[in-house]
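This report describes a single protein model and the ligand placed in it. Please look over the sequence and the structure before reading on.

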Amino acid sequence: VTVPNVRLNNGVEMPQLGFGVWQVADDEAEKAVAVALETGYRSIDTASAYENEAGTGRALRGSGIARDDLFVTTKLFNSDHGYDSTLHAFDASMERLGLDVLDLYLIHWPMPARDNYVDTWRAFEKLYKDGRIRAIGVSNFTIGTLERLLAETDVKPVLNQVELHPNFQQAELRAFHQEHDIRTEAWSPLGQGRGLLEDPELARIAKAHGKTPAQVALRWHVQIGNIVIPKSVTPSRIAENIDVFDFALTDADMAAIARLDKGERLGPDPATFDWMG
Ligand code: NAD
């Protein structure tokens, strides 16, 4: 399977579909990332908070795949917000990953009440200008926190990684991203495998295409232009989740999935979330 690339607003190319490793212990992450790389995934999404950057790094090195063919994302955790602490946290992540240059670094959560994300972003800009990171972005930013970042800093984020799936479609935020040439990356693209994948409409559409509900959900993301990072540790599902580039949903399918939006999050609200571990 070959995954198409999307071009980010700074010209860097990124695979539209990658592999996420939240809630996967370090040694298990090493195995799962190795399977994903063998299966054809080239983009891996980890985070300092996931405590599996080391296992992810071992799998990347062990794969024998050329560094230039890999796209690695990690995230700055909440307890590391601030200019100097960001620079230190970045070095620690790179040490664990065993990399010299990172493809994409994200602020994991904005924590607006702590009011430190602008300084944090200035450290991201320094690392980017120094050539340590190929692209910088954010995660869980709202329209309000993005507007402030755009107004007060120089480098525009390439993407915003947010909770997004057919039951939580984020239409307003996606429109804002599009207006500002910021890509939307969907976390929990399968709705964490709970509920969404049992939806009868998804099942009906899946049957019509000879695909699974998970593949229909991922195909929907691809067709609305999202970058997606589904997670699984099961080899058959890892293979299933990347096999979404040989069919297309019809306009009627897309309209039926648009009606599944419930506007309900599975995860925390970024306006208030400030857990520090
Ligand atoms: P997901 O929507 O990718 O769902 C994963 C779960 O769905 C699996 O654990 C499994 O139970 C099930 N599943 C996977 N493939 C399946 C298949 N083919 N058929 C049936 N069931 C299947 O959920 P996620 O892990 O929450 O999100 C994906 C990635 O997004 C994470 O691993 C992480 O990298 C990222 N993420 C980021 C944030 C953030 O704050 N930035 C938050 C959550 C997740």
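The text below goes through the sheet, the cores, the ligand site and a few single residues.

**The sheet**

The model is predicted, not experimental. Its sheet is open and has eight strands, paired in parallel in the order β3-β4-β5-β6-β7-β8-β9-β10. The edges are taken by β3 (19-20) and β10 (227-228); each has a single partner strand, so one side of each is left without a neighbour in the sheet. Strands of a sheet pair through backbone hydrogen bonds, in either a parallel or an antiparallel sense.

Three of the pairings can be followed residue by residue. Strand β4 (residues 43-45) is joined to β5 by three bridges, in the parallel sense, and Asp45 has Thr73 as its bridge partner in β5. Strand β5 (residues 71-76) is in turn linked to β6 (residues 102-107) by four bridges, again running parallel. Within that pairing, the partner of Lys75 in β6 is Leu106. Further along, two bridges connect β7 (residues 133-139) with β8, also parallel, and Val138 stands opposite Asn160 in β8.

How much of β5 and of β8 is buried? In β5, six of its six residues are buried, and the strand is mostly covered. In β8, five of the five residues are buried, so this strand is largely enclosed by the rest of the structure.

**Nonpolar cores**

The largest nonpolar core contains 68 residues, and Phe19, Leu102, Tyr105, Leu249 and Ile257 have the most contacts inside it. Helix α4 (residues 117-129) supplies the largest share of this core, six residues. A second core, separate from the largest one, has 11 residues, including Leu8, Phe71, Leu159 and Ile227.

What does Phe19 touch beyond its neighbours up to four places away in sequence? Its contacts include Ala32, Val33, Ala36 and Tyr41, and also Ser43, Ile44 and Asp45. Ile229, Pro230, Ser232 and Ile238 are in contact with Phe19 as well.

Val118 is found in helix α4. With a relative accessibility of 6%, Val118 counts as buried, because the cut-off for buried is under 20% relative accessible area. Leaving aside neighbours within four places in sequence, Val118 is in contact with Arg148, Leu149, Glu152 and Thr153. Val118 and His81 are 37 residues apart in sequence, and their C-alpha atoms are 9.3 Å apart.

**The ligand site**

The ligand is surrounded by 27 residues, of which Asp45, Ser139, Gln161, Ser188 and Leu190 are the closest. The table gives polar distances to the ligand for three residues.

| Residue | Protein atom | Ligand atom | Distance |
|---|---|---|---|
| Tyr50 | side-chain N or O | nitrogen | 3.4 Å |
| Ser188 | polar side-chain atom | oxygen | 2.7 Å |
| Gln192 | backbone N or O | oxygen | 3.0 Å |

Taken alone, the ligand exposes 830 Å², and the protein buries 89% of that area.

His108 touches two of the residues already named at this site, Tyr50 and Ser139. His108 is found in the loop between β6 and α4 and is buried, with a relative accessible area of 7%. Other contacts of His108, not counting residues up to four places away in sequence, are Ala47, Ala49, Lys75, Leu76, Phe77, Asn78 and Asn140. Lys75 among these is the residue bridged to Leu106 in β6.

**Two residues with positive phi**

Most residues other than glycine have a negative phi. Gln23 has a positive phi of about 65° although it is not a glycine, and the phi of Gln170 is also positive, near 55°.

Where do Gln23 and Gln170 lie? Gln23 is in the loop between β3 and α1 (26-39). Gln170 is in the loop between β8 (159-163) and α6 (171-179).

Is each of them buried or exposed? Gln23 is exposed, with a relative accessible area of 58%. Gln170, by contrast, counts as buried at 16% relative accessibility.

Technical notes. Residues are numbered from 1 along each chain as its sequence is written. This is a predicted model: local features need pLDDT of at least 70, side-chain atom pairs count only at pLDDT 80 or more; totals for chains, interfaces and linings use all residues. Side-chain values use heavy atoms; hydrogens and water are left out. A nonpolar core is a set of buried Ala, Val, Leu, Ile, Met, Phe, Trp, Tyr and Cys residues joined through side-chain atoms within 4.5 Å. Buried means under 20% relative accessible area, exposed over 50%, partly exposed in between (1.4 Å probe, protein chains only). Contact means heavy atoms within 4.5 Å. Two strands pair if DSSP finds at least two bridges between them. A residue is near a molecule or strand if one of its heavy atoms lies within 4 Å of it. A polar contact is a pair of N or O atoms within 3.5 Å; within protein, one must be able to donate a hydrogen and the other to accept it, and residues adjacent in sequence count only if both atoms are side-chain atoms. Accessible areas come from the Shrake-Rupley method with a 1.4 Å probe; for residues, only the protein chains shown count as cover.
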